[in-house]
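Visitor: I am new to this structure and should like to be guided through it. May we look at it together and proceed by questions?

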Amino acid sequence: MERKSQKIEVVVAAAERKCLREEIHKDVLVTGEYEVSEQPNAKTNLKITDSSGHTLYSKEDASKGKFAFTTEDYDMFEVCFESKSPLGTGRVPDQLVNLDMKHGVEAKNYKEIAKVEKLKPLEVELRRLEDLSESIVNDFAYMKKREEEMRDTNESTNTRVLYFSIFSMCCLIGLATWQVFYLRRFFKAKKLIE
């Protein structure tokens, strides 16, 4: 379901890279806020990429900020925080990163929509519920499509197993028949049977 809001705390040690991955459906709005604890002699870089390596958001020396993007396809997205410190600075304390990511309906700013479209509170709530129900319908359609794909895969696998079993049985029957004729000929040649 694409109505997720995640608040995550990540501890990033000096010269370490921590990544979070998530699968997100097509045409879903993703927003996020991040805050990195300040540490002397340490810089943290933020990079958001998709599975093919395209950078959706990048920020060097990130301390606090927001990001937003809309997915173009169903894909695995990766949010990475990388801590860097100059050489010779000694022991640098770990940095705490707070990340709040929202997807789908949760990511929309309905207060802003209400201001722009001059909507009453009840209309805003109806709009939010309409978007939520549309998201649920889309999720069910996606689940139905996945179920059909899984069923087709299951049926084709069953068919292949059946054909392989029939082929194996034919091979075994053929081998057993050949073995009987071969042994019969062998024993006749040795004059053990008539």
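Guide: Two strands are said to pair if DSSP finds at least two bridges between them. Helices (H or I, at least four residues) and strands (E, at least two) are DSSP runs, numbered from the N terminus. This is a predicted model, in which local features need pLDDT of at least 70, side-chain atom pairs count only at pLDDT 80 or more, and totals for chains, interfaces and linings use all residues. Residues are numbered from 1 along each chain as its sequence is written, and side-chain values use heavy atoms, with hydrogens and water left out.

Visitor: In what order do the four strands of the open sheet stand?

Guide: The pairing in this sheet is antiparallel. Strand E2 (17–24) and strand E5 (55–59) each have a single partner strand, so one side of each is left without a neighbour in the sheet. With these two at the edges, the order is E2-E7-E4-E5.

Visitor: Which residue in E5 does Ile-48 stand opposite?

Guide: Strand E4 covers residues 43–50. E4 and E5 pair in the antiparallel sense over four bridges. The residue in E5 opposite Ile-48 is Tyr-57.

Visitor: In which element is confidence highest?

Guide: Confidence is given as pLDDT, the predictor's score for each residue, from 0 to 100. The chain averages 88, and 95% of the residues score at least 70. The lowest mean, 81, belongs to strand E1 (residues 5–12), while the highest, 94, belongs to helix H2.

Visitor: How far does H2 reach from its first C-alpha to its last?

Guide: H2 has 69 residues. The expected span of a helix is 1.5 Å times one less than its number of residues, which gives 102 Å for H2. Close to that expected figure, the reach in the model is 101 Å.

Visitor: Which residues of H2 are buried?

Guide: Buried means under 20% relative accessible area, exposed over 50%, and partly exposed in between (1.4 Å probe, protein chains only). Arg-185 lies in H2, yet Arg-185 is exposed, with a relative accessible area of 55%. What covers the buried residues of H2 includes helix H1 (110–117). Those buried residues are Val-124, Asp-131, Ser-135 and Asp-139.

Visitor: How far apart do the end C-alpha atoms of residues 161–183 lie?

Guide: An unreviewed UniProt entry annotates residues 161–183 as "transmembrane region"; UniProt positions are given in the numbering used here, feature names are shortened, and annotations may be inferred rather than shown by experiment. In the model the span is 100% helix and 0% strand. Its end C-alpha atoms are separated by 32 Å.

Definitions and conventions
Contact = heavy atoms within 4.5 Å.
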